[in-house]
Amino acid sequence: MAREAWITGIGITSSLGEGVEAHWSAMAEAAQPRPNVDLLSAAPFAFHPMVPLDLDKQIPRRADQRQMEFWQRLGTYTAGLALADAGLVGDLDRLGQTHIVVAAGAGERDTAADGEILEGLGAAAAPDNFLNERLGSDLRPTLFLAQLPNLLAGNISIVHKVTGSSRTFLGEEISGVSAVEVVWRRIRAGQGDIFLVGGASVAGRKDMILQRAIGGTLWSGAPISVWERPDKGGGTVLGSLGAFLVIESRDHAESRGRRPYARIGSVVSDQSRRRPGEVAKNLAHQFDDMTAEAKDQPVAVLSGTTGMSDATQEERDLLAALVKEGRVSAVRASANMIGSGIEATFPGLIGLGALALSKRKFFMPADESGFEQSLSAAPERIAATTCGIWRGEGMGLIEAVD
Amino acid sequence: MSRPLQDHRERPVVAITGIGVVTSLGQGLDDNWAALTAGHSGIHRINRFPIDHLRTTIAGTVDFIPTDAKTAPALTLATGEQATQEAITMAGIGSPGDFPGPLFTAIPPVEMEWPRRRKLFDAADPSINDAYGRMIDVACRINDDFEYRSTLYGFVAESLADGFGTKGAPISVTTACASGATAIHLGVEAIRRGDSDAALCVGADCSVTAEALIRFSLLSALSNSNEIPEQASKPFSKNRDGFVIAEGAAALVLENYETARARGAKILAIVRGAGEKADDFHRTRSKPDGSAVIGAIRNTIEDAGIETGAIDYINAHGTGTPENDKMEAMSLEAVLGEEVKSVPISSNKSMIGHTLTAAGAIEAVFSIQTILSGRIPPTINYQMPDPTIELDVVPHDARDAQTSMILSNSFGFGGQNACLVIAAEPA
């Protein structure tokens with residue numbers, strides 16, 4: 001008998017605020033949810049900026065803060081929120097058994113130092129020599145550690161004393177799906193009892209915008225609903241997002257007297273080559289698989305769709321058909337409210353979905369296109385979808401626990 | 001029908017049926033093993049880029065694999081493909097472009113490189129003040145698909161998955177210098193869960209650039225013994241002064257022992273145990289009491305279900321940094337006791353350098369070959385033994401010895417420690 005995986009702690013930080021209640025209030029209780037968008041700092045690209053965080057609350061030692069760049073501080077901070085939410089702070093025995101799985105992206109570069117070097121390279125007689133000399137003098141030792149993707153997990157171990165094991169997955173959006181999927185599979189199979197899983201992504205960083213811009217993947221100008229973007233050229237609006245979950249076996253949670261937000265029914269992932277129709281085919285197959293046992297009960301969908309033309313179009317058409325068949329009750333796209341959080345997207349969706357299940361209510365529509373319809377019934381099951389900008393298709397099903 | 005073979009925890013036994021490797025010593029298992037057991041070094045003067053102003057001018061780069069683009073992602077992918085092809089051919093599993101299981105790949109964190117950055121900057125409108133603003137402006141106009149794809153973290157795994165036809169979304173992993181071992185852990189877990197009867201585990205790292213050297217130099221991690229490159233990597237020596245950065249790749253085909261036997265595969269060895277423990281002490285240093293490294297070794301031995309006395313060879317992490325080798329020796333003694341002094345231990349890194357992300361996979365491959373060949377590769381450059389490290393480091397020359405239970409250690413920056421027990425085929 002497979003063991004149940006319970007979500008017992010959620011940490012989430014975004015442009016909407018810090019913690020589950022701030023997100024509930026902005027996304028479910030506001031009559032007309034309004035995103036927080038920065039149109040100017042990275043113009044022509046809009047992004048959803050992180051709200052100011054009082055870092056001292058989760059990273060009390062300033063020396064620790066100095067050893068990180070902002071994406072690591074954001075992740076470490078948000079991981080702290082999840083651990084506190086799960087009632088694990090100070091529980092050194094259990095923290096010592098807790099396994100970390102982080103989905104991480106590229107670390108931050110010192111863009112000012114890079115800029116000065118680039119200016120100088122043009123005038124240098126021997127550019128390669130100049131580069132070596134300047135890198136040696138301009139790079140800060142700590143910056144290297146701030147660039148290493150595995151050092152977010154490393155900092156979580158140091159600051160929060162989580163030391164069961166530590167792994168970092170790479171690979172953009174799908175790495176966030178794989179991280180939660182591996183945790184779910186390991187708990188089911190008895191390969192670990194308690195996990196901290198999530199990611200952090202900082203939007204508005206110029207080094208990251210450069211990388212996305214070179215692929216022509218960014219939406220230019222003021223954001224419109226992701227559901228409408230396929231008809232208008234498509235594109236992603238990035239959003240700063242920290243999302244961490246504490247997931248543990250039911251037995252483990254009950255032994256320490258914890259109740260869950262929700263349980264994980266299933267997580268699946270695949271990677272097509274994105275030939276026409278393949279996104280829809282993978283998602284349809286995944287949806288059929290995970291809802292096979294209770295086909296007649298409609299599922300609410302939290303979509304991580306990014307607004308890229310083909311993938312969003314295929315997902316929208318599939319979901320529209322499932323709504324028509326009565327298999328999906330309502331759809332919400334997280335990107336309309338918090339932007340696209342790359343690796344953190346899927347852990348964020350699972351956290352938000354679990355929150356909605358525990359509140360017995362779904363989020364408000366936030367989509368002027370009319371694709372997102374209101375839902376008055378309490379959702380019993382929520383499917384979270386995440387298709388990467390470039391590759392990867394994944395889905396998770398979470399279920400209410402009575 | 002006999003009962004399926006299970007381990008001490010009633011899990012499926014994980015067999016290794018194919019291995020492949022590329023290091024600075026050469027391409028393929030045969031060339032590597034010949035060089036490794038002859039005590040040859042692959043460390044040399046860097047000629048890939050100018051070395052002026054660099055404190056360290058030596059490395060174990062892999063310069064003989066042809067690629068179109070000379071970027072870290074392209075080189076990493078190319079060596080990874082070579083190692084994978086060798087492993088899959090040896091295993092004789094699936095059919096070309098159709099590997100019947102998932103892919104777990106350890107890759108280095110890659111990003112846009114300086115030549116590219118410079119090209120964008122130089123093509124830009126100089127009236128834009130900010131350097132990144134300038135590059136973004138150009139980037140928007142050129143829409144360079146390969147540059148975009150190859151600087152995504154998913155690139156190497158995606159390309160391997162497409163080429164070899166592995167199943168599902170590939171997983172890319174980094175746990176710094178433990179990454180290769182972690183990729184194997186993920187494969188072991190998938191087979192033990194019964195998710196798949198086969199898994200492809202790859203570690204590949206060709207990320208030696210001037211900036212990478214400078215970054216590691218700033219952390220005082222690299223050897224500066226530039227004069228005679230072959231002698232720079234000196235694990236367990238009193239005069240060891242840091243690791244020598246290097247490149248390479250390895251691939252392992254893991255299979256459920258029963259299904260591997262059923263298809264008539266040759267079983268090379270068994271992954272008997274896998275264990276981890278994270279450190280919470282410091283970003284680049286281990287806890288002084290060694291508890292995290294000790295925990296990783298203990299968890300691995302416990303997972304393997306063996307007595308410590310059963311270990312007959314240790315493939316050391318053995319980086320040659322003052323800190324690592326001391327910590328590794330102390331932790332081994334804490335777990336294995338006084339007996340550790342009579343267990344041969346050697347560091348492949350004395351010859352191939354520290355292949356970083358790939359190290360755990362490469363050293364797992366060499367551990368398997370140690371069992372199969374009955375020969376232990378040496379620790380070279382052991383001219384000045386460290387009197388505080390009382391270990392049998394198999395100095396200078398390879399040693400004939402039948403081994404059947406090997407501990408392979410991998411410890412990473414960021415406190416990520418992962419070990420493996422690799423055992424001889426049980427039948």
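Two strands pair if DSSP finds at least two bridges between them. Helices (H or I, at least four residues) and strands (E, at least two) are DSSP runs, numbered from the N terminus. The views below come from a predicted model, in which local features need pLDDT of at least 70 and side-chain atom pairs count only at pLDDT 80 or more, while totals for chains, interfaces and linings use all residues. Residues are numbered from 1 along each chain as its sequence is written, and chains are lettered from A and ligands numbered from 1 in the order in which they are written.

**View 1. Strand 14 of chain B and its two partner strands.**
Strand 10 (residues 313-315) of chain B runs parallel to strand 14 of chain B, with three bridges between them; here B:Asn315 has B:Ser408 as its bridge partner. Strand 15 (residues 416-423) of chain B pairs with strand 14 of chain B in the antiparallel sense, over eight bridges, and B:Ala423 in strand 15 stands opposite B:Met405. Look for B:Gly414 in the hairpin of strands 14 and 15 of chain B, which has three residues between the strands: its phi is positive, near 90°.

**View 2. The two faces of strand 14 of chain B.**
In a regular strand the side chains alternate between the two faces of the sheet. On one side of strand 14 of chain B sit B:Met405, B:Leu407, B:Asn409 and B:Phe411, on the other B:Ile406, B:Ser408, B:Ser410 and B:Gly412, and all are buried. A residue is buried if 20 or more other C-beta atoms lie within 10 Å of its own, exposed if 12 or fewer, and partly exposed in between, with C-beta atoms placed from the backbone. Because eight of the eight residues of strand 14 (residues 405-412) of chain B are buried, the strand is largely enclosed by the rest of the structure.

**View 3. Strand 8 of chain A between strands 1 and 6 as pairing partners.**
Strand 8 (residues 241-249) of chain A is largely enclosed by the rest of the structure, because nine of its nine residues are buried. Nine bridges link strand 8 of chain A to strand 1 of chain A in the antiparallel sense, and eight link strand 8 to strand 6 (residues 194-201) of chain A, also antiparallel. A good residue to find is A:Glu248: it is the bridge partner of A:Trp6, and A:Ile194 stands opposite A:Glu248 too.

**View 4. The buried residues of helix 1 of chain A.**
A:Val20, A:His23, A:Trp24, A:Ala26 and A:Met27 are buried in helix 1 (residues 20-29) of chain A. These buried residues pack against strand 1 (5-14), strand 2 (17-18), helix 14 (335-338) and helix 15 (345-359) of chain A.

**View 5. Where chain B meets chain A.**
Contact joins 66 residues of chain B to 67 residues of chain A, two residues being in contact if their C-beta atoms, placed from the backbone, lie within 7 Å. Helix 4 of chain B gives the largest share of the chain B side, six residues. That side divides into 31 nonpolar, 13 polar and 22 charged residues; Ala, Val, Leu, Ile, Met, Phe, Trp, Tyr, Cys and Pro count as nonpolar, Asp, Glu, Lys and Arg as charged, and the others, Gly among them, as polar. Strand 5 (residues 165-170) of chain A and strand 6 of chain B run antiparallel, joined by three bridges, and A:Thr168 has B:Thr174 as its bridge partner.

**View 6. Helix 3 crossing helix 4 in chain B.**
The axes of these two helices of chain B come within 8 Å and cross at roughly 85°, which means that helix 3 of chain B is roughly perpendicular to helix 4 of chain B. Axes are lines fitted to C-alpha atoms, for helices over the stretch in contact, and angles run from 0 to 180 degrees between N-to-C directions; angles under 35 degrees count as roughly parallel, over 145 as roughly antiparallel, 65 to 115 as roughly perpendicular and the rest as oblique. B:Arg117, B:Leu120 and B:Phe121 of helix 3 meet B:Ala131, B:Arg134, B:Met135, B:Val138 and B:Ala139 of helix 4.

**View 7. Two loop residues with positive phi.**
A:Arg360, not a glycine, has a positive phi of about 60° and counts as exposed, with 11 C-beta neighbours inside 10 Å. B:Asn381 has a positive phi near 65°, but counts as buried, with 27 C-beta neighbours inside 10 Å.
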